[in-house]
Amino acid sequence: MRTVYVNGEYLPENEAKISIFDRGFLMADGVYEVTSVLDGKLIDFDGHARRLERSLGELDMQHPEDLPNLLEIHRELVRLNEIEEGLVYLQITRGAPADRDFAFPDPETTTPTVVLFTQNKPGLANSPAAQKGIKVISIEDQRWARRDIKTVQLLFPSMGKMMAKAAGADDAWMVEDGAVTEGTSNNAYIIKNNTIITRHLGNEILHGITRAAVLRFAQEAQMKVEERSFTIAEAQDADEAFITSASTFVMPVVEIDGTSVGAGTPGPVAARLREIYLDESRKLAV
Ligand code: PMP
């Protein structure tokens with residue numbers, strides 16, 4: 001049984017409890033982060049901690065823990081649950097006021113709820129999906145307009161994943177005004193003539209921590225990067241396509257809406273980026 005963290009306590013998962021009045025439960029009034037673990041160490045922890053600060057700030061939510069303490073909790077959970085490869089999930093909600101109300105509760109009397117748990121994922125780095133590549137479908141992006149805040153309102157992305165499954169694919173790329181925003185839980189990229197193309201940052205997409213690292217490593221390796229939007233037609237005509245996220249790292253996309261991308265197998269640039277990302281971030285892991 002897992003040991004999880006809830007509001008200052010490490011508990012067996014079946015003893016961990018939060019209130020039915022918690023605004024995370026009632027209103028999806030919460031933010032989260034997912035940090036991957038390789039070799040028992042946290043990948044890109046600082047990036048996730050900084051984005052958490054930003055998400056909390058954008059929602060006027062108090063930061064309940066100081067930064068070193070948060071790192072300590074992550075490490076303690078990895079240790080207690082003996083995670084070599086896997087994830088640490090963190091969620092902070094606005095807490096549980098005395099009653100349900102649309103107005104935010106007084107932060108003096110309602111303190112945030114903090115929950116962390118681990119997910120054991122042996123084989124995360126050597127995933128068979130990375131060898132084969134994944135298939136995506138395109139769907140209209142019907143999420144709210146502040147996708148740069150990492151909130152727990154994940155119903156539409158979840159529906160998108162089910163639409164993909166129903167179509168025999170692995171994931172969906174969302175499209176707005178004719179341009180790809182991102183995947184249901186990842187950032188989307190194409191490669192054309194050795195240039196890596198991915199949507200520019202804005203409120204329309206989550207600012208992926210893996211995205212930032214991969215683009216930095218790509219530039220350090222003298223690869224060309226263009227941050228701009230692209231269409232599904234352009235992606236189908238690209239040499240390669242891939243996604244990034246904390247839990248998939250760099251994952252090749254080999255089919256979009258039934259059309260093969262390039263040779264229909266994972267391409268060399270995505271494979272190289274995956275290797276560089278895994279090597280470099282392992283070196284920087286804490
Ligand atoms: N976009 C969305 C919508 C996501 O949910 C995620 C992962 N949570 C990402 C992008 C990738 O972000 P990261 O690299 O920080 O995991």
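Does Glu85 count as buried or exposed, and at what relative accessibility? Keep that residue in mind as we walk through this model, which is a predicted one. Glu85 sits in the loop between helix 3 (67–80) and strand 5 (86–93). Its relative accessibility is 17%, and because buried means under 20%, Glu85 counts as buried. The side chain of this glutamate also has a partner: one of its polar atoms lies 3.3 Å from the backbone nitrogen of Gly123.

Now let us turn to the ligand. There are 18 residues around it, and those that come nearest are Arg51, Lys150, Glu182, Ile209 and Thr210. Sorted by class, the shell around the ligand is made of 10 polar, four nonpolar and four charged residues.

Some of the polar contacts are worth finding on your screen. Arg51 places a polar side-chain atom 2.8 Å from an oxygen atom of the ligand. Glu182 brings a polar side-chain atom to 2.6 Å from a nitrogen atom of the ligand. With Ala246 the backbone does the work instead: one of its N or O atoms lies 2.8 Å from a ligand oxygen atom. As for the surface of the ligand, it exposes 390 Å² when taken alone, and the protein buries 92% of that area.

Where does the ligand sit, in terms of pockets? The space it takes is the largest pocket. Several elements give two or more residues to the shell around the ligand: helix 2 (45–58), strand 9 (179–183), helix 6 (209–220) and strand 13 (240–245).

Helix 6 deserves another stop, since Ala213 is found there. With a relative accessibility of 2%, Ala213 counts as buried. Try tracing from this alanine to Asp44: the two are 169 residues apart in sequence, yet their C-alpha atoms are 8.4 Å apart in space.

Our last stop is Val261, in the loop between strand 15 (259–260) and helix 8 (268–284). Is this valine buried or exposed? Its relative accessibility is 2%, so Val261 counts as buried. If you measure from Val261 to Met223, you will find 20 Å between the C-alpha atoms, with 38 residues separating the pair along the chain.

To look back over the tour: Glu85 and its loop opened it, the ligand in the largest pocket came next, and the buried residues Ala213 and Val261 brought it to a close.

Notes:
Residues are numbered from 1 along each chain as its sequence is written. This is a predicted model: local features need pLDDT of at least 70, side-chain atom pairs count only at pLDDT 80 or more; totals for chains, interfaces and linings use all residues. Side-chain values use heavy atoms; hydrogens and water are left out. A residue is near a molecule or strand if one of its heavy atoms lies within 4 Å of it. A polar contact is a pair of N or O atoms within 3.5 Å; within protein, one must be able to donate a hydrogen and the other to accept it, and residues adjacent in sequence count only if both atoms are side-chain atoms. Accessible areas come from the Shrake-Rupley method with a 1.4 Å probe; for residues, only the protein chains shown count as cover. On a 1 Å grid over the protein atoms alone, a cavity is a set of points where a 1.4 Å probe fits but cannot get out, and a pocket is an open set with protein on both sides within 12 Å along at least five of seven lines; lining residues have an atom within 4 Å of a point. A molecule sits in a cavity or pocket if more than half of its atoms lie within 2 Å of its grid points. Helices (H or I, at least four residues) and strands (E, at least two) are DSSP runs, numbered from the N terminus. Ala, Val, Leu, Ile, Met, Phe, Trp, Tyr, Cys and Pro count as nonpolar, Asp, Glu, Lys and Arg as charged, and the others, Gly among them, as polar. Buried means under 20% relative accessible area, exposed over 50%, partly exposed in between (1.4 Å probe, protein chains only).
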